[in-house]
Amino acid sequence: MKNQLTENQQNAMNIFDDQIISQSDFAHEGFDWVSLPQLIDILVGEGWATKSAEGTVGSLLETEHLTEDGWGDGCYALVL
């Protein structure tokens, strides 16, 4: 079961679904590989304040929706 998301987290995930997951080669699997700066830039491009985008992306690290790949290369799995 996925963690319960806050309103900001859910809004961010909706944007990521639209701009990343739905256009991904891995869309059929419901995830894609991303970097944290990429996610922040997407939210800022959607009109979010930088600090709000950073906080929301950071908080998603505490959920099952954003997990480090384990290779230490700054790549994360963004999972719907």
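How many residues apart in helix H3 are Glu54 and Lys51, and what part of a helical turn or turns separates them? The answer comes at the third stop of this tour, which goes through a predicted model.

**First stop: the whole chain**

Display the entire chain before selecting any part. Its secondary structure comes to 3 helices and 3 strands, and along the sequence these follow the pattern α-β-α-α-β-β. Turn the model slowly: the C-alpha trace spans about 30 × 25 × 25 Å along its principal axes. A compact globule with 80 residues would have a radius of gyration near 12 Å, and the value of 12 Å for this chain therefore agrees with that expectation. Of the 80 residues, 36% are buried. Among the contacts with a separation of 6 or more, 61% join residues 24 or more positions apart.

**Second stop: the buried face of helix H3**

Select residues 50-60, which form helix H3. Colour Ala53, Thr56, Val57 and Leu60, the buried residues of this helix. Now look down the axis of H3: these buried residues fall within an arc of 95°, so they line one face of the helix. To see what covers them, add helix H1 (7-19), helix H2 (36-45) and strand E2 (66-68), which are included in the cover.

Keep Thr56 of helix H3 in view. Is Thr56 buried or exposed? Its relative accessibility is 5%, and because buried means under 20%, Thr56 counts as buried. Show its neighbours next: leaving aside residues up to four places away in sequence, Thr56 touches Asn8, Gln9, Ala12 and Trp48.

**Third stop: a salt bridge on helix H3**

Stay on helix H3 and select Glu54 and Lys51. These two residues form a salt bridge, and their closest N and O atoms are 3.7 Å apart. A search of the whole structure finds 1 salt bridge. The opening question can now be answered: Glu54 and Lys51 are 3 residues apart in helix H3, which means that about one helical turn separates them. Consider also how each residue meets the surroundings. Glu54 is partly exposed, with a relative accessible area of 34%, whereas Lys51, at 67% relative accessibility, counts as exposed.

**Fourth stop: the paired strands**

Hide the helices and show the strands. Select strand E1 (residues 31-34) together with strand E3 (residues 76-79); they pair in the antiparallel sense over 4 bridges. Within this pair, find Trp33, which stands opposite Ala77 in E3.

Next, bring strand E2 into the selection. In which sense do E2 and E3 pair, and over how many bridges? Their pairing is antiparallel and runs over 3 bridges. One position to label is Leu66, whose bridge partner in E3 is Leu78. While viewing the strands from the side, bear in mind a general rule: in a regular strand, side chains alternate between the two faces of the sheet.

**Last stop: the loop between E2 and E3**

Finally, select Asp73, which is placed in the loop between E2 and E3. Show its side chain and the backbone of Cys75: the side chain of Asp73 reaches the backbone nitrogen of Cys75 at 3.1 Å. Then draw a distance line from the C-alpha atom of Asp73 to that of Gln4. The residues Asp73 and Gln4 lie 69 residues apart along the chain, and their C-alpha atoms are separated by 28 Å.

Note on methods: Residues numbered from 1 in each chain as written. Predicted model: local features only at pLDDT ≥ 70, side-chain atom pairs only at ≥ 80, totals over all residues. Heavy atoms only, no water. Buried < 20%, exposed > 50% of the residue type's maximum accessible area, 1.4 Å probe, protein only. Helix = DSSP H or I, 4+ residues; strand = E, 2+ residues; numbered from the N terminus. Arc of directions from axis to C-beta. Contact = heavy atoms within 4.5 Å. Pairing = 2+ DSSP bridges. Salt bridge = Lys/Arg side-chain N within 4 Å of Asp/Glu carboxyl O. Polar contact = N/O pair within 3.5 Å; in protein donor to acceptor, adjacent residues only side chain to side chain. Rg over C-alpha atoms; globule rule 2.2 N^0.38 Å.
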